Amino acid sequence: MMTGMRAALGRVALGVVALCGMAGVAGAQGSADTIGAIRARGALLCGVAGVTAGFSLPDSQGVMRGLDADGCRIVAAAILGDANKVRFINTTATNRFTALQSGEVDMLVRNTTWTLGREAALGLEFASINFYDGTGFMVKAASGVTSVRGLDGATVCVQPGSTTELSLTDYFRVHAMRFTPLVIENLEELRAAFINGRCDAFTTDASSLAAFRYTQGENASQYVLLPEIVSKEPLGSVVRKGDWKFFDIVRWAHFAQLTAEELGITSQNIETFRGNTNPEVQRFMGATGDLGRSLGVSPDWAVQIVRQVGNFGEMWERNITPLGVQRGINNLWTRGGLQYAPPMR
């Protein structure tokens, strides 16, 4: 009897500890002030991959370039008024979430897929989608393989800790196909393994495969991106749960770029929109509506984003078009795509 009572009391005590722990986490999240920390240090700490052309890769001058890198810059422009006030921190597929949870970075923009499990279990929130993607497969042209269905029994190179790993397993299971995974965390080493013939196919997001092929220069024709896309991979910005003011800024920085593209406002012509009588344009320019105060930023926050980084279309043309990737479903909703911004009012 006493043993049973002790066990019951132990369970109650553990429950109380768990509840206190949850309350402590909730309190910590609720009291978070990422915006204040960014302003105090004078820079946004942004987690990127740092190794993927078109998304985040240093140029010959050491400047981080790409769609994800610019996704960091638009937030710095909104909060600090200067898109260059970003410290880029390279993260891997396995340490990226820990880096965000621990506060090593303020946000992630790192080819990261929005999933239920990640949002519900990791204490993180996806604020925007900057690239609608999917799991693809690449083979060497010399292999003669023209479809994923031709990879039965193949060795496939894949990164651990990625949604690609699960998509790969699911697809082969559904189609009763066999494969041997070659799992390598470091992306550069994984690409080298594929080039050197250690695996028959290389799988990751289709955009990343296109970026890899682009970097091969005159050897690009040796690699074929198979036509099938076998999963949904909405990629975007990730922040910690609980700091909702920062979440709002990250989300609406992306929406501001989409809105600018819809309105025809670019980095080159934005000054000509001052004094425009269109109410939507006036709110965007900060002349009316007081939207900046609602977000806790300056009235011209959206102007700073577009002036310094461009609208979403400009960002795409600069970073993704050179990879040979069509905009497709990443186009504005008015052009048949999925990119859609709620009204700025």
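Which helix does Ser 207 lie in? In this predicted model, Ser 207 belongs to helix 8, the run covering residues 206–215. Its relative accessible area comes out at just 3%, so Ser 207 counts as buried. If you skip residues up to four places away in sequence, the contacts of Ser 207 are Phe 55, Phe 131, Asp 133 and Leu 235.

Two of those names come back once you look at the rings. Phe 55 and Phe 131 sit in a cluster with Phe 312 and Trp 316, joined up by ring pairs. So how many aromatic pairs does a search of the whole structure find? The search turns up 15. One of them joins Tyr 171 and Phe 172, with 6.1 Å from centre to centre and 70° between the planes, which makes the pair edge-to-face. Both rings are tucked away: Tyr 171 is buried at 11% relative accessibility, and Phe 172 is buried with a relative accessible area of 1%.

Another edge-to-face pair takes us back to helix 8. Phe 194 and Phe 212 have their ring centres 6.2 Å apart, with 65° between the planes. Phe 194 is part of helix 7 (residues 187–195) while Phe 212 is in helix 8, so this pair ties together parts that lie 18 residues apart in sequence. What about accessibility here? Phe 194 is buried at 0% relative accessible area, and Phe 212 is buried too, at 2%. Helix 8, then, holds Ser 207 as well as one ring of the pair that ties it to helix 7.

Definitions and conventions
Residues are numbered from 1 along each chain as its sequence is written. This is a predicted model: local features need pLDDT of at least 70, side-chain atom pairs count only at pLDDT 80 or more; totals for chains, interfaces and linings use all residues. Side-chain values use heavy atoms; hydrogens and water are left out. Helices (H or I, at least four residues) and strands (E, at least two) are DSSP runs, numbered from the N terminus. Buried means under 20% relative accessible area, exposed over 50%, partly exposed in between (1.4 Å probe, protein chains only). Contact means heavy atoms within 4.5 Å. Rings of Phe, Tyr and Trp (its six-membered ring) pair if their centres lie within 6.5 Å; planes under 30 degrees apart count as stacked, over 60 as edge-to-face and the rest as tilted.
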